[in-house]
Amino acid sequence: MKDFRYLRRNKSTRWHSRPLAPRLRRLSPAAWLAAPILAALLIPLAVVPLHRGQPAPPALPTVTASPAAPAGPEAAVQEAPQPKVSVYLSRSGQIETLPLEEYVSGVLAAEMPASFELEALKAQAVAARTFILRRLLAGDRSGVPVPGADVTDTVSHQAYVSKDTLERKWKLGGRSADLAKLQRAVLETRGVIMTYKGQPITASFFASSGGYTENSEEYWNAAIPYLRSVTSPWEKEITPNYAVTSTFTISEILTRLGLNDRVIPASKNTTQSGMTKNISTSSELPVEVLSLTTGHRVKEISIGGTIFTGREVREKLGLRSSQFSWGRKGNKIYITTFGNGHGVGMSQWGANGMAKEGGTATQILKHYYSGISFTQISTLLKK
């Protein structure tokens, strides 16, 4: 996402609630209308049914280029003007401005390993493009520390690899084949975004789930109709560090949760078994999971008599996800997490697992984003 940082750290929430603005800064709709747009992502030559009973969604209709436009994808790449994206580079403090499709390539290089299946990479490209277009349309510059930039290169928005890094460390550094694969995924999805009721969606994504994704309102405070909990069984067998155990002392738990100055009631229970049962880590720190979310993550948990949400515990303790279980040995607390990230939207490792089983980018996106449609940017700008 490359050092592929998402494999060893949690995803930050990528959701913005600002309403859409009526116009897009620096866009040239007339120029976009003249460009032939590729829809190859969503029109595979043969739709391969998923092995887990997932029906194949309809392919996106072909968009016909205007007669005056030059024929062929190469001409489209060379001549189609694009929206510009200004990225704040957090390490250098500089702002890099580049065409949207080049920006998507940089995001793809940062957010997903080039070793992933092409269809998974194409799904990620569409999600990344949708994310930034929605932000541009809304005039949303939240989280950007300086004026003049639309977005940062961090996971607060979308991770991004700069043009200079792609040139030096990828193209000239022995990774030209990887870069070509990423650029192919971007080219074959050129201009395609996801919409719901005609508007670009909040295309949130994360590294891996523990078997289910999460309803948006059970991690954030807003119910979004296309961000629904769905099964995601594909990553369990292929994700590195699918289950990770972190070790804490009881005093560390108390300090991080802010419980040092509170009276901790003694627990009568001396055993533990499973996430949904009362868990006693010691007479100093009784723990009980009170409820789970639809996505099988901890919703509410009582620790030392104080009730926390699963998200609060995850963030205060620095856990990979809010799907976790507890155990104790001596003065040590062992917390095992499953998956990595907030769990809302598309699982990246799940997408790769679907692609390995023959799933297309269309199927991947339709699975993780409920009830969405696919739209060309040029079509959206006509309205």
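In this predicted model, strand β1, which covers residues 84–88, is joined to β2 by 5 bridges, and the two strands run antiparallel. Within this pairing, Val85 has Leu98 of β2 as its bridge partner, while Ser86 stands opposite Thr97, which also belongs to β2. The hairpin made by β1 and β2 has 6 residues between the strands, and in this hairpin Gly93 adopts a positive phi near 80 degrees.

The sheet to which these strands belong is open and consists of 3 strands in the order β2-β1-β3, with mixed pairing. Because β2 (95–99) and β3 (151–152) each have a single partner strand, they stand at the edges, and one side of each is left without a neighbour in the sheet. In general, the strands of a sheet pair through backbone hydrogen bonds, in either a parallel or an antiparallel manner. Helix α3, formed by residues 100–111, lies across β1, β2 and β3, and runs at about 115 degrees to β2.

As regards the nonpolar interior, the largest core contains 66 residues, of which Tyr103, Met194, Met346 and Tyr369 touch the most other members. The greatest contribution to this core comes from helix α4 (residues 118–138), which gives 12 residues. When neighbours within four places in sequence are left aside, the residues in contact with Met194 include Val126, Ala127 and Thr130, as well as Leu365, Tyr369, Ile372 and Phe374. Apart from the largest core lies another core, of 20 residues, and among them are Ile250, Val289, Leu317 and Leu319. In soluble globular proteins, nonpolar side chains tend to be buried together.

Conventions
Residues numbered from 1 in each chain as written. Predicted model: local features only at pLDDT ≥ 70, side-chain atom pairs only at ≥ 80, totals over all residues. Heavy atoms only, no water. Pairing = 2+ DSSP bridges. Helix = DSSP H or I, 4+ residues; strand = E, 2+ residues; numbered from the N terminus. Contact = heavy atoms within 4.5 Å. Axes fitted to C-alpha atoms, helices over the stretch in contact; angles between N-to-C directions. Core = buried A, V, L, I, M, F, W, Y, C linked by side-chain atoms within 4.5 Å. Buried < 20%, exposed > 50% of the residue type's maximum accessible area, 1.4 Å probe, protein only.
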